[in-house]
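Subject: Structure for you to look at

Hello,

Here is the structure I promised to pass on. Please open it next to this message.

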Amino acid sequence: MTELNKLTLAEARDALRKGDTTSVELTEACLKAIDAADALNAFVHKTPELAMERAKAADERIKAGNAPSMCGLPIGIKDLFCTKGVPSQAASKILEGFKPEYESTVSQKLADAGSVMLGKLNMDEFAMGSSNETSVYGNAVSPWRRGNDDAQLTPGGSSGGSASAVAADLCLAATGTDTGGSIRQPAAFTGTVGIKPTYGRCSRWGIVAFASSLDQAGPMTKSVRDAAIMLEAMCGHDPKDSTSAELAVPDFEAMLTGDIRGKKIGIPKEYRMDGMPGEIEKLWSDGAEMLKAAGAEIVDISLPHTKYALPAYYVIAPAEASSNLARYDGVRYGRRATLEAGDGITEMYEKTRAEGFGHEVQRRVMVGTYVLSAGFYDAYYNRARRVRTLIKKDFEDAFAAGVDAILTPATPSAAFGLGEMTEADPVQMYLNDVFTVTVNLAGLPGVAVPAGLDSQGLPLGLQLIGKPWEEGDLLNTAYALENAAGFVAKPQQWW
């Protein structure tokens with residue numbers, strides 16, 4: 001058998017059921033890989049004792065028969081998910097020392113399904129970033145390299161640690177969250193699969209909030225089948241989250257037939273951006289050809305308000321962040337700055353936040369506070385909300401016209417080097433989300449599938465956008481694309 005940590009969720013599940021291996025052996029293989037991969041800085045809080053305890057319990061469950069699909073499978077959890085008794089810092093200094101007394105609904109569902117938590121994964125601070133360079137733990141590093149170049153590359157963000165860990169086979173899969181592309185962009189950068197489900201499909205309870213009307217948890221995996229298996233375990237109604245949908249969760253894996261004959265796939269003309277690299281353009285047209293060869297009908301569509309998506313997103317997301325992050329005040333939990341004699345409550349707030357929040361978080365909180373202020377609320381925030389409604393209607397019109405899914409690039413480029421995007425121009429970094437933010441604004445499901453390599457041997461991904469609540473159908477189209485693309489490249493081990 002191949003090295004156990006290199007298995008997919010589906011392969012490991014089948015091996016466990018056959019008795020070819022045990023959860024303890026799988027977990028030990030992953031823990032060994034994690035310990036040898038500190039250079040990637042993907043795992044930031046390791047939990048080996050907890051992992052072994054859960055693996056032993058999972059083996060008992062499997063022996064007894066009737067264990068769920070995720071039982072015994074070792075995974076990583078993004079540091080944004082609160083995990084009982086384990087540091088949950090959202091990669092921020094302000095939450096230093098915070099160990100929740102409760103478990104997020106998603107991580108609890110995964111634990112109930114018998115999965116094994118190996119530890120917490122690196123990310124951008126409060127999920128704000130596209131390169132995993134804003135973390136208090138330092139940068140997460142991609143296991144991929146450009147040709148023979150030694151430059152460290154970004155694994156994408158904000159779920160950079162999750163993407164790096166899955167691509168480097170440190171865990172079989174990982175949780176991510178996606179507010180403007182934070183699952184799909186890192187998946188595309190690392191040759192992995194990432195799905196953001198419909199808003200409301202996964203509970204947000206116990207996940208540290210960034211922008212509450214946009215955040216959604218999802219799986220990051222090695223294959224589309226794995227994404228279907230893990231997503232099913234993560235979804236479901238939660239009375240603790242008022243935005244959680246009271247809908248039955250289908251068996252996503254059973255829907256993977258690979259048969260997409262007669263499906264209509266839309267190609268939005270607005271996604272053809274000026275200056276888009278030829279490699280991305282070619283990948284996109286190749287992807288359309290692959291789906292056509294599989295029996296789908298390719299149709300040109302228009303999503304006319306796409307060009308306003310990025311500006312609208314960067315008004316709405318910071319506005320919600322400024323409101324959500326007001327709770328970090330140095331009083332109830334997390335870090336409090338050292339005060340001098342005579343300092344009052346105002347000084348405590350100012351010093352705690354200046355010390356506790358990184359530059360990107362401070363920037364977004366200030367932007368958000370500005371657009372919500374009395375003189376600018378209508379000019380910015382309300383206008384952005386109206387644009388959001390129009391973007392959502394563009395998608396509704398396309399689906400009403402018979403389109404089943406929409407194919408777009410996932411990112412405007414392959415992974416870039418750490419430090420290559422300067423902090424002097426944050427807009428350059430924000431442009432990384434140009435293909436992904438529309439999906440969050442409209443609350444739709446989107447999946448990134450690895451579809452090829454660029455000239456330097458780095459992965460490139462395509463994105464499929466689906467109808468609300470139809471993740472099963474979307475995953476089936478992604479499965480057909482994955483089969484046609486035949487992407488099997490893995491990073492060469494240097495770490």
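Below is what was found, first for the sheet and then for one residue.

Please keep in mind that this is a predicted model.

The sheet
An open sheet holds 11 strands with mixed pairing. Their order is S1-S3-S2-S4-S6-S5-S10-S11-S9-S7-S8. The edges are S1 (43–46) and S8 (297–301). Each has a single partner strand, so one side of each has no neighbour in the sheet. On average, neighbouring strands are turned by 30° against each other, direction ignored.

Look at S2 (residues 74–78) and S3 (residues 116–121). These two run parallel and are joined by 4 bridges. One pair to find is Pro74 with its bridge partner Val116 in S3.

Helices on the sheet
Helix H7 (residues 224–234) packs on the sheet. H7 touches S2, S4 (173–178), S5 (193–196), S6 (216–221) and S10 (446–453). The direction of H7 makes about 145° with that of S6.

Helix H15 (residues 471–485) packs on the sheet too. Its contacts are S5, S7 (264–268), S9 (405–409), S10 and S11 (459–466). The directions of H15 and S10 make an angle of about 0°.

Leu16
Leu16 sits in helix H1 (residues 9–18). Is Leu16 buried or exposed? Its relative accessibility is 4%, so Leu16 counts as buried; the cut-off for buried is under 20%. Leaving out residues up to four places away in sequence, Leu16 touches Thr21, Thr22, Ser23, Leu26, Asp59, Ile62, Cys71, Gly72 and Leu73. Gly419 lies 403 residues from Leu16 in sequence, and 42 Å away in space, C-alpha to C-alpha.

Best wishes

Notes
Residues numbered from 1 in each chain as written. Predicted model: local features only at pLDDT ≥ 70, side-chain atom pairs only at ≥ 80, totals over all residues. Heavy atoms only, no water. Pairing = 2+ DSSP bridges. Axes fitted to C-alpha atoms, helices over the stretch in contact; angles between N-to-C directions. Contact = heavy atoms within 4.5 Å. Buried < 20%, exposed > 50% of the residue type's maximum accessible area, 1.4 Å probe, protein only.
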